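Here are some notes for a colleague who is coming to this structure without having seen it before. They are set out as numbered points, to be read with the model in view.

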Amino acid sequence: MIRVVHYINQFYGGIGGEEKADVKPEIREGVVGPGMALKAALGNEAEIVATVICGDSYFNENMEEASAAILEMIKKYNPDLFIAGPAFNAGRYGVACGSVCKAVKENMNIPVVSGMFIENPGADMFKKDIHIIETANAATGMRQAIPAMAKLALKLVKNETIGMPAEEGYIPRGVRKNVFKSERGSKRAVDMLVAKLKGEKFETEYPMPDFDRVAPNPPVADIKKVKIALVTSGGIVPKGNPDRIESSSASKYGKYDITGVNDLTAETYETAHGGYDPTYANIDADRVLPVDVLRELENEGVIGELHKYYYATVGNGTSVANAKKFAATFAQELVKDGVQAVILTST
Amino acid sequence: MVKEIERVGIPVVHVCTVVPISLTVGANRIVPAIAIPHPLGNPVLSKEDEKSLRRSIVLKALKALQTEVHGQTVFEK
C-alpha cells in the first residue's frame with residue numbers, strides 16, 4: 001500500500017476562513033476535506049495516512065519555521081508520496097503548497113505533486129522544482145484537478161515514464177529530454193514555416209521563455225524635493241467602496257483624492273480586499289496605505305510632496321493581464337502629474 | 001503593477017509581506033513588511049508604537065528609493 005500525506009490550508013481543513021489564516025500547522029490522521037475526493041481518485045493502491053493543515057498567512061509569514069515543523073510532522077508518517085492542494089488561484093496557499101512540496105522532495109526524497117492555476121505566484125516559483133498540475137482558477141475546477149493530480153502522483157511513485165506537460169496536465173518545468181523523431185530538424189522547421197505562412201496551426205518545439213523584467217530606475221536624487229505617490233494592491237478605498245472594486249478578481253482600480261487627509265480612520269476608509277482578514281485594515285487603513293506617516297514626513301520636509309491622488313486595486317486573484325493594464329494606464333497619469341517616486345504596498 | 005510603474009521611468013519601492021512573491025513578479029526595490037493583513041502596522045502594539053513602526057518602514061522605503069540598485073534588491077529589516 002502506497003502511503004500518502006496530503007497538505008491543505010485552514011479553509012479546506014474546515015478550521016475557518018481568513019480569521020483563522022494565522023493558525024499554526026497541525027497533522028491529523030486520515031483524510032480531511034478535499035482528501036476525500038483525492039482518496040477516491042487514488043483508488044485502492046494508495047491510502048492517505050495523514051493530512052497536514054496550516055493557515056495560509058501563518059505559513060507565508062513564517063516560511064522557514066513552518067516548513068521545518070511540517071516536515072517533522074510528515075516524517076513521522078513515513079509516506080511514499082506527498083500531495084499538496086490543489087490551491088487554484090489562492091496565492092498564499094499556492095506558495096505554501098510549493099514550498100512544502102519542495103522541502104519534502106529535497107529532504108525525504110519522495111515524489112510530490114501539487115495543483116495550481118497558472119497565474120498563482122506559487123506556480124512560477126516552484127514549477128521547476130516540482131510537478132504542478134495546471135488547474136482552473138477557482139475551486140469549481142476541483143473535479144478536474146483531483147483526478148489529474150492523483151494520476152500523475154501514482155505514475156511518479158511507481159516510477160513510470162512521465163509524459164510531456166500537455167499530455168499529463170502539469171505546468172512545463174523547463175526540462176529538456178532527448179527524443180527520436182522520424183523527420184530531421186531542418187525538415188520539421190521548414191514544415192513549421194510553411195504552416196505558419198499558410199496561417200495554419202503549428203506547435204513550436206522550443207518556446208521562448210517569457211522573461212518580463214524591467215531594469216531598475218536610477219534612485220531619486222533629492223527626496224526632499226520629490227513628489228511621491230502611494231499605490232496599493234491592498235484594496236484601500238473610501239468607506240463604502242464608491243467604485244465598487246471587486247473583493248477578488250478585480251476588473252478595475254480606483255483613483256482617490258487625499259488632499260487634506262492626514263489620517264485614514266475606520267469612519268472614512270476601509271479595504272475592499274477579500275482573501276485576507278480585513279479587520280485590521282478596516283480599523284486603521286494606514287496599516288496598509290501609510291497616508292498618516294507620509295503626511296507627517298511631508299509636513300516635516302523629509303519628502304517634497306505627497307501626491308494628491310492615490311491609486312488602489314484589489315490584488316486577490318486579480319489576473320496579471322488586468323493588473324498590468326491598470327498600472328500601465330495610471331503610470332501615464334503619474335508621469336503627467338510629475339510624480340517622481342512611488343511607494344506600492346501589498347498585503 | 002510595480003513593473004508597469006518602473007517601465008515609465010519612475011523609481012518604485014514595493015513594500016510587501018511575502019517577499020518571494022515580489023521577487024517572482026519582478027520588483028526591483030523591495031522592503032519587507034510585517035504581516036499580510038497589516039503590512040505597515042501591528043495591532044498588538046500601542047497606537048504610538050505602531051505608528052513609529054510604520055514610520056520606520058516608510059523611512060526604509062524612502063531610503064530604498066534613494067539607493068542605486070543593479071538588480072532585484074531586498075532591503076532587509
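1. Asn109(A) lies in the loop that runs between α4 (91-108) and β5 (112-117) of chain A. In this predicted model, the phi angle of Asn109(A) is near 55 degrees, which is a positive value in a residue other than glycine. Asn109(A) has 7 other C-beta atoms within 10 Å, and since a residue with 12 or fewer is classed as exposed, Asn109(A) is therefore exposed.

2. A second residue to look at for its backbone is Arg244(A), which sits in the loop between β8 (236-238) and β9 (254-257) of chain A. Although Arg244(A) is not a glycine, its phi is positive, at about 55 degrees. With 11 other C-beta atoms within 10 Å, Arg244(A) is exposed.

3. Which two residues does a cis peptide bond join? They are Gly85(A) and Pro86(A), and the omega angle of this bond is about 10 degrees. Of this pair, Pro86(A) belongs to strand β4 of chain A, a strand made of residues 81-88.

4. On the helices of chain A, it is worth following how α1 (residues 35-42) packs with α6 (residues 142-157), for their axes are 9 Å apart and meet at an angle of about 50 degrees. An angle that is neither under 35 nor over 145 degrees, and not from 65 to 115, counts as oblique, and α1(A) and α6(A) are therefore oblique to each other. The crossing of these two helices, α1(A) and α6(A), is right-handed. On the side of α1(A), the contact is made by Ala37(A), Leu38(A), Ala41(A) and Leu42(A), while α6(A) brings Met142(A), Ile146(A), Pro147(A), Ala150(A) and Leu154(A). Sorted by class, the contact of α1(A) with α6(A) has nine nonpolar residues, with no polar and no charged ones.

5. Chain A as a whole is divided into domain 1, covering 2-168, and domain 2, covering 223-345. Taken over C-alpha atoms, the centres of domain 1 and domain 2 of chain A are separated by 34 Å. The contact between them takes six residues from domain 1 of chain A and six residues from domain 2 of chain A. On the side of domain 1 that touches domain 2, the residues divide into one nonpolar, two polar and three charged.

6. Turning to chain B, its fold has three helices and three strands, and reading along the sequence gives the pattern α-β-α-β-α-β. Along the principal axes, the C-alpha atoms of chain B fill a box of roughly 40 × 25 × 20 Å. Chain B has 77 residues, of which 52% count as buried. Among the contacts in chain B between residues at least 6 apart in sequence, 43% join residues that are at least 24 apart.

7. How many residues does each chain give to the contact between chain B and chain A? The contact takes 43 residues from chain B and 52 residues from chain A. On the chain B side, α1 (2-7), β1 (12-16), α2 (19-25) and α3 (47-65) each supply at least two residues, and the largest share, seven residues, comes from α3(B). By class, the residues of the side of chain B that touches chain A divide into 24 nonpolar, ten polar and nine charged.

Notes. Residues numbered from 1 in each chain as written. Chains lettered and ligands numbered in written order. Predicted model: local features only at pLDDT ≥ 70, side-chain atom pairs only at ≥ 80, totals over all residues. Helix = DSSP H or I, 4+ residues; strand = E, 2+ residues; numbered from the N terminus. Buried ≥ 20, exposed ≤ 12 C-beta atoms within 10 Å, placed from the backbone. Domains from an automatic or database assignment. Contact = placed C-beta atoms within 7 Å. Nonpolar A, V, L, I, M, F, W, Y, C, P; charged D, E, K, R; others polar. Axes fitted to C-alpha atoms, helices over the stretch in contact; angles between N-to-C directions. Left-handed = near helix turned anticlockwise from the far one by under 90°.
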